[in-house]
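Open the model in your viewer and keep the sequence panel visible. The tour below goes from one selection to the next and says what is there.

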Amino acid sequence: MRFWYTTYVPRHLVSIADLDAAEIVRILDHGDRYWALAQEPIKKLTSLRGRTVINLFFEASTRTRTSFEIAAKRLSAEAINISSSASSISKGETLIDTAENLEAMSPDVIVLRHSFGGAAAMLANHVSCAVINAGDGQHEHPTQALLDAATIRRMKGRPLAGAASTPGAGTGPLTIDGLEVAIVGDIAHSRVARSNILCLAKLGARIRLVAPLTLVPRGIELIGGDITRERVRVVNRLEDGLDGVDVVMMLRIQHERAGGEAPRFPNTRELSRTFGLSERTLGFAKPDAIVMHPGPINRGVELAPQVADSPRAVILQQVS
Ligand code: CP
């Protein structure tokens with residue numbers, strides 16, 4: 001599987017596993033240019049003029065669906081949004097039949113969110129237009145990882161050896177190589193965690209997965225082979241997990257994915273008390289550490305409101 005970007009070739013973006021570090025950096029560099037466009041009074045380019053993008057969302061979404069629609073429109077593509085309740089899936093049509101019917105109308109890109117891990121790969125094997133995975137079950141959320149890496153690079157990136165640039169200013173070539181990132185919370189059910197582990201490790205960051213043992217899948221350090229084996233470790237105590245990190249990435253409890261499972265922790269209040277981020281526990285991270293969250297945040301559960309609203313939280317910058 002290959003990825004798709006502005007020199008138009010109908011390729012797919014299904015998994016961060018399909019990208020190497022150079023391809024990720026190239027996408028982040030493109031992203032920085034489009035981020036600058038969003039600061040302009042007239043936010044329009046013609047890169048995708050004449051193209052058609054179908055946003056096919058079978059799960060709830062605020063950030064991802066809206067950002068794909070805005071991105072398509074700012075690049076002059078036609079954007080069509082379809083949700084599960086408004087599609088013929090609700091009348092018993094299969095996902096593949098739906099996709100083949102949509103493809104008969106010649107779209108250039110289908111952006112898919114689905115509760116089945118593997119849905120985007122399945123679609124990519126059945127259609128000839130590009131497929132972008134906007135989150136598939138517990139598998140991956142590659143565009144979230146790319147925007148998270150872009151945010152970390154902009155806020156905490158260090159100049160590449162020999163290059164003149166300003167960390168935090170988004171100028172010049174920056175790298176996140178060597179940064180310490182803690183991903184805290186429900187790792188077990190998180191597609192965001194999986195994509196971020198792969199993406200951040202490929203860019204050279206070191207990652208701590210911070211959660212009770214029951215919320216960390218056995219062997220997750222190996223999902224990217226040697227790259228992640230060398231750079232990922234599991235920590236089961238919040239204070240140790242946050243000790244001296246540059247970035248704290250909080251995850252919400254994915255109750256919607258735990259249906260039918262035996263409970264993995266006593267109750268939400270207990271988990272919040274032991275693994276929630278407060279002003280006190282943030283004190284274990286570096287004094288200039290940033291706080292991230294893919295959203296939606298659950299205030300007072302994984303994240304204290306004082307932290308969510310503090311200048312150290314870059315949650316809305318991630319969305320931008
Ligand atoms: N981060 C994220 O995927 O948010 P939405 O579920 O609102 O799209």
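Two strands are taken to pair if DSSP finds at least two bridges between them. The model is a predicted one.

**Stop 1: strand S3 and its partners**

Select strand S3, residues 109–114, and add strand S1, residues 52–57. S1 and S3 run parallel and are joined by five bridges. To see one of these positions, pick Leu56, whose bridge partner in S3 is Leu112. Now add strand S4, residues 130–136. S3 pairs with S4 over five bridges, also in the parallel sense. Here Val109 has Ala130 of S4 as its bridge partner. Trace the chain from S3 to S4: the path goes through helix H4, and this β-α-β crossover is right-handed.

**Stop 2: the two sides of S3**

Show the side chains of S3. Val109, Val111 and Arg113 point one way, while Ile110, Leu112 and His114 point the other way. Which of these are buried? All of them are. With six of its six residues buried, S3 is largely enclosed by the rest of the structure.

**Stop 3: helix H3**

Select helix H3, residues 95–103, and colour its buried residues: Leu95, Ile96, Thr98, Ala99, Leu102 and Glu103. Turn the view to look down the helix axis. The buried residues of H3 fall within an arc of 160 degrees, so they line one face of the helix. What does this set pack against? The buried residues of H3 pack against strands S1, S2 (78–83) and S3, and against helix H4 (119–124).

Stay in H3 and centre on Ala99. Ala99 is buried, and its relative accessible area is 0%. Leaving aside neighbours within four places in sequence, Ala99 is in contact with Leu123 and Val127. For a distance back to S3, take the C-alpha atoms of Ala99 and Ile110: they are 8.5 Å apart in space, and the two residues are 11 apart in sequence.

**Stop 4: His141**

Go to the loop between S4 and helix H5 (142–156) and select His141. Is this residue buried or exposed? His141 is buried, with a relative accessible area of 4%; the cut-off for buried is under 20%. Which side chain does the side chain of His141 meet in a polar contact? The partner is the side chain of Arg113, at 3.1 Å. Arg113 was selected at the second stop, as one of the buried residues of S3. Beyond neighbours within four places in sequence, the contacts of His141 are Thr64, Arg113, Ala134, Gly135, Arg191, Val192 and Ser195.

Conventions
Residues numbered from 1 in each chain as written. Predicted model: local features only at pLDDT ≥ 70, side-chain atom pairs only at ≥ 80, totals over all residues. Heavy atoms only, no water. Buried < 20%, exposed > 50% of the residue type's maximum accessible area, 1.4 Å probe, protein only. Helix = DSSP H or I, 4+ residues; strand = E, 2+ residues; numbered from the N terminus. Arc of directions from axis to C-beta. Contact = heavy atoms within 4.5 Å. Polar contact = N/O pair within 3.5 Å; in protein donor to acceptor, adjacent residues only side chain to side chain. Right-handed = clockwise from strand over helix to strand, strands pointing away.
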